[in-house]
Amino acid sequence: MTSFQGTPTYPDHAWHGNATVLENVQIARATFRIRLASPPLAERIVPGQFLMLRLPRRDDPLLGRPLALYAVVPDASGRPHAVDVVYLIIGRMTSRLREVPAGAKLDVWGPLGNGFPPDEAEHLVMVAGGIGQTPFLSLGREFLGMQRYGKPPRAVPVAKKATLCYGARSAEFLAGVSDFEAAGIEVHLATDDGSRGHRGLVTDLIAPLVAKSPWPCRIVCCGPEPMIAATARIAQRLAIPCQVSLETPMACGIGACFSCVARIRDESGNWDYRRTCVEGPVFDAQHVVFDNEELGAPSAREAE
Ligand SMILES: Cc1cc2nc3c(=O)[nH]c(=O)nc-3n(C[C@H](O)[C@H](O)[C@H](O)COP(=O)(O)OP(=O)(O)OC[C@H]3O[C@@H](n4cnc5c(N)ncnc54)[C@H](O)[C@@H]3O)c2cc1C
Ligand code: FES
């Protein structure tokens, strides 16, 4: 049973203010890392939580956009000082964000959402597709005992190993691989065109990795919904605990608008709509009702 208690889940724990941009640099094709100075946010946020980012004095886009914590950056004395966020250029907000220079201020509120639970994982297997790797650098660092998060800092049982399975369209979209390797996380890559790592789906990597692991695995997953759904089915087949972080579009991030709902089952198997921004974005994979679930069984490839 997943323990989601103990993390600051609700927006009344959040900070809202203007954060100064310290840097905004390109790290892969159409992918940037922005560093925001905000000690109140940096000291409270835990892996899997997100913040809402809005361009001030603009009405296009009017609403903020949710972006996951990538890293907490300490100051010279070691205290949490800034947060890093990695974003892929998708549309109106992210294409303007790339132009924001160091020294500018952004409207920020967070931390938001529940984050990944600090449950034991002897071998933490992080499965990411597209830009879904962003929550996993901080999570991997936390589970390898390199960094603590939250106020007060939460306790997490140290894992024996952390592995990232990361899939992207092609090598040029892979963002932050060296950050993960520098943190001691073993990285397995997959690309659609075979330009780096396994040619094919990142979900192809999961079962062989789990079969070879000498330790019990726990899977965490983030990315496009079909890939999350496939990972959830693989975890169920292998009887491995799995939590997923859903990236539903969000308007407010604080539970007020219901634009972010997902279908989530309760313990008795009945489902209802849950707000991803306050009751997620992290859910137990077996509780999520995925869009194509009623369409039938897993594909032949996954069933192999
Ligand atoms: C909890 C959470 C964490 C996230 N973390 C990150 C992150 O770390 N890095 C990152 O790059 N992105 C992340 N996202 C996704 C990010 O919020 C969207 O890509 C962003 O809102 C796009 O804004 P935009 O104005 O550039 O695009 P828009 O102009 O708003 O949208 C362009 C197109 O993308 C579609 N779209 C927008 N948001 C989503 C979505 N979430 N899923 C599917 N389609 C969408 C729109 O319907 C539209 O068709 C996260 C989302 C959530 C909910
Ligand atoms: S984004 Fe408004 S309720 Fe979740």
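A helix is expected to span 1.5 Å times one less than its number of residues, and we will put that rule to use in the first view. Welcome to a predicted model, in which local features need pLDDT of at least 70, side-chain atom pairs count only at pLDDT 80 or more, and totals for chains, interfaces and linings use all residues. Residues are numbered from 1 along each chain as its sequence is written, while chains are lettered from A and ligands numbered from 1 in the order in which they are written.

**View 1. Helix H6 has the span expected from its number of residues.** Helices (H or I, at least four residues) and strands (E, at least two) are DSSP runs, numbered from the N terminus. H6 covers residues 225-238, and at 1.5 Å a residue its 14 residues should span 20 Å; the C-alpha atoms at its ends are 20 Å apart, so the two values agree. A residue is called buried if 20 or more other C-beta atoms lie within 10 Å of its own, exposed if 12 or fewer, and partly exposed in between, with C-beta atoms placed from the backbone. By that count, the buried residues of H6 are Met227, Ile228, Ala229, Ala230, Thr231, Ala232, Arg233, Ile234 and Ala235. Just after the helix comes Ala239, with a positive phi near 55°.

**View 2. Seven strands form an open antiparallel sheet.** Their order is E4-E3-E7-E1-E2-E6-E5; two strands pair if DSSP finds at least two bridges between them. At the edges are E4 (65-68) and E5 (71-74), each pairing on one side only. From one strand to the next, the twist averages 40°; axes are lines fitted to C-alpha atoms, for helices over the stretch in contact, and angles run from 0 to 180 degrees between N-to-C directions. Look for the four bridges that join E3 (residues 50-54) to E4 in the antiparallel sense. Met52 faces Pro66 of E4 across the pair.

**View 3. Two loops carry residues with positive phi.** Most residues other than glycine have a negative phi, and most peptide bonds are trans. Ala30, in the loop between E1 (15-28) and E2 (31-37), has a positive phi of about 60°. Ala30 counts as partly exposed because it has 16 C-beta neighbours inside 10 Å. In the loop between E3 and E4 sits Arg57, with phi near 55°. Is Arg57 buried or exposed? With 7 C-beta neighbours inside 10 Å, Arg57 counts as exposed.

**View 4. Two prolines follow cis peptide bonds.** The bond joining Lys151 and Pro152 is cis, with omega about -5°; Pro152 lies in the loop between H3 (136-143) and E9 (161-168). Gly280 and Pro281 are also joined by a cis bond, with omega about 10°, and Pro281 is in the loop between H7 (276-279) and E16 (282-284).

**View 5. Helices lie across a second seven-stranded sheet.** This open sheet has the order E11-E10-E9-E8-E12-E13-E16 and mixed pairing. E11 (198-199) and E16 are at the edges with a single partner strand each, so one side of each has no neighbour in the sheet. E13 (residues 242-245) runs antiparallel to E16, joined by three bridges, and the bridge partner of Val244 in E16 is Phe283. H3 lies across E8 (123-129), E9 and E12 (217-222), at about 175° to E8. H6 lies across E8, E12 and E13, at about 175° to E13.

**View 6. The largest nonpolar core lies between the two domains.** A nonpolar core is a set of buried Ala, Val, Leu, Ile, Met, Phe, Trp, Tyr and Cys residues joined through C-beta atoms within 7 Å. Of the 84 residues here, Leu51, Val83, Met126, Val127, Leu164 and Val244 touch the most other members. Which element gives the most to this core? H6 does, with seven residues. Domain 1 (11-112) and domain 2 (123-303) both supply residues, so the core lies between them. Two residues are in contact if their C-beta atoms, placed from the backbone, lie within 7 Å. Apart from neighbours within four places in sequence, Leu164 has contacts that include Met126, Phe136, Phe180 and Val187.

**View 7. Domain 1 meets domain 2.** Domain bounds come from an automatic or database domain assignment. The C-alpha centres of the two domains lie 22 Å apart, and 25 residues of domain 1 are in contact with 27 residues of domain 2. On the domain 1 side, the elements giving two or more residues are E1, H1 (39-44), E3, E4, E5, E6 (80-88) and E7 (105-112).
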